[in-house]
Amino acid sequence: MSRPVVTRFAPSPTGMLHIGGVRTALFCWLYARKHGGRFILRVEDTDLSRSTDENIRIIEEGMAWVGLDWDEGPIPGTTDEFKGPHGPYRQMLRMDLYRAKIQELVDRDLAYRCRCSREVLDERRKSVEAQGVPFQYNRGYDAGKGCRDAHHDASQPYAVRLKMPEGTESWLEEGAITWTDLIKGHLAFPADTLDDWIIARTAEGNEIGVPTYNFCVVVDDTSMEVSHVIRGDDHVSNTPKQIALYRAMGCELPEFAHVPMILGKDGAKLSKRHGALSITEYREMGFLPAAVRLALARLSWTPKVAGQAPETAEEELLTDAQMIQLFDLHDIQKSPARFDMDKLSWMNQKLVQRASWQELDPYLTPFMPAAWKTQSEPWKQVAIKATQKGKSLKDMAEALAFVWERPQSFEPKSVEKFMTETAKAALRDVAALTDYAHDRLEPAFNGILEKHGLKLKDLAQALRVALCGKPVSPPIFDTLFLIGREEVLKRLERWV
RNA sequence: GGGGCUAUCGUCUAGGGGUUAGGACACCGCCCUUUCACGGCGGCAACAUGGGUUCGAAUCCCAUUAGCCCUACCA
């Protein structure tokens, strides 16, 4: 029963890496890491029109950015190179394997050729459903009417269907296909509600056609020795079909764990309308990958420390190491969760706050103007620490924009409020200062304040307005230091 | 139509026969403060509905309602 833990994530290259998919991948990854197992990335590229190299790259880059490394799968940047013993890890390159498996099933009489044309099928479906009965190929109302027993015109092309259990097989439980889902618990699907489904599409002539999704998945998962199939809830109903196939092929069943879906804020299926769907967009919004991992992990999963759920904000902010240590499929919710951008923002803010300026620097660079890279380390350190309270990297970059951009305009209200004659007189003294080191500015300012009978607040606000056009900026000494004396003097010119 | 899953504050959730139904985010208020923030303190706010079972139900059972998934020669 117990074998090495192997999990997999199998996205289709659709042109983006979906946030819901990333969450599923994250659970697979956490599970593999926790149990010292392997995590596979497999590309389901049977939709030829969308499966471009470019789209595969998007998956690889998205996974890499969000920090989910795979032990087996594509080697990024290549088209047909893979790591791992069970390659290739792209379905289109596995067609020979699929066809061989199908041939074997047909030879062993566990699957059969179906020569019913689409037209015939559509017609039959229509007439059956007109009577309020569900149409199932070779099942129920339609039992015995298909190609399972009677072979029709052998000159016609064919699809291949799997023989589904009749209801009396010994591995069924009271006529039902069952399994104990690691998240959903014991599940049972009456066998007579499942029909002989197609495993290979019709091809030209006397060929086996392109295999269908549910077939490929099982072949891949068995041949790649996947021990735990952790996937989206939307596959629950596919599982009994797949189990029948595992049985037919005589393969050991993996454990199944179906993770609930992620819904939008309004409870509807997550879509573009709710904001960002693609992992790339979260990067562009200025979220740290660690924050995305945490926020995603905490949707539907409640980590328990000695049976206790987090009780403080501190306990909510798990590191990767803690997540790996605490991860348990039993602590995953059965019901879908709504995605809350506010919570992601909060987590991001907290992680930004805790990071050192060195850690933040590389993540921040893409949001900064080119001049950022040429700044000295001490300067960057002040810049980062002065803005490290923002919710996102983007916020931080915006909070620093004043350094590179002279004010386009000055808020009239603020000018009126803070630019008094005394304040301007004090600004003249500020302009005379030469040393912008923090510990020099403070005593110098005290002298100026005393001379003019001002409070720090009055001077600071006047300075902000003069330098930034608005009464908002990092702490005033940092603001001066970051802008630098030369530029400060230029911006002060019009006011003194 | 058939099959399957789900249902606690606005959101994520804890709790699974006896609790003032707990926490986090969001929101609101107060404090701190050189601005904006951060931070601190406090507040608001929930067991979908109806039947059972029971001395007692958010918790167990059934039904209803609502949502989602499968029911494709899509994945």
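In the predicted model, a polar side-chain atom of Ser 12 sits 3.1 Å from a sugar or linking oxygen of RNA strand B. The side chain of Arg 125 places an N or O atom 3.3 Å from a phosphate oxygen of the strand. Asp 234 uses its backbone instead: a polar backbone atom lies 2.8 Å from a sugar or linking oxygen of RNA strand B. Several elements each give two or more residues to the surface near the strand. These are the helices α4 (118-129), α5 (213-223), α9 (313-316), α11 (341-354) and α19 (456-468), with the strands β8 (185-190) and β13 (337-338). Helix α11 provides the largest share, 6 residues.

In total, 64 residues surround RNA strand B. The closest are Arg 118, Arg 201, Thr 202, Glu 311 and Lys 350. The surface near the strand is mixed in character: 24 residues are nonpolar, 19 polar and 21 charged. On the RNA side, sugar or phosphate accounts for 74% of the strand atoms within 4 Å of the protein. Bases supply the rest.

Chain A contains 21 helices and 13 strands. Its C-alpha trace spans about 105 × 50 × 50 Å along the principal axes. The radius of gyration of chain A is 31 Å, whereas a compact globule of 496 residues would have a value near 23 Å. Buried residues make up 51% of the chain. Among contacts in chain A with a separation of 6 or more, 72% join residues 24 or more positions apart. The accessible surface of chain A is about 23700 Å², and carbon and sulfur atoms hold 50% of that area.

Note on methods:
Residues are numbered from 1 along each chain as its sequence is written. Chains are lettered from A and ligands numbered from 1 in the order in which they are written. This is a predicted model: local features need pLDDT of at least 70, side-chain atom pairs count only at pLDDT 80 or more; totals for chains, interfaces and linings use all residues. Side-chain values use heavy atoms; hydrogens and water are left out. A residue is near a molecule or strand if one of its heavy atoms lies within 4 Å of it. A polar contact is a pair of N or O atoms within 3.5 Å; within protein, one must be able to donate a hydrogen and the other to accept it, and residues adjacent in sequence count only if both atoms are side-chain atoms. Helices (H or I, at least four residues) and strands (E, at least two) are DSSP runs, numbered from the N terminus. Ala, Val, Leu, Ile, Met, Phe, Trp, Tyr, Cys and Pro count as nonpolar, Asp, Glu, Lys and Arg as charged, and the others, Gly among them, as polar. The radius of gyration is taken over C-alpha atoms; the globule rule is 2.2 Å times the number of residues to the power 0.38. Buried means under 20% relative accessible area, exposed over 50%, partly exposed in between (1.4 Å probe, protein chains only). Contact means heavy atoms within 4.5 Å. Accessible areas come from the Shrake-Rupley method with a 1.4 Å probe; for residues, only the protein chains shown count as cover.
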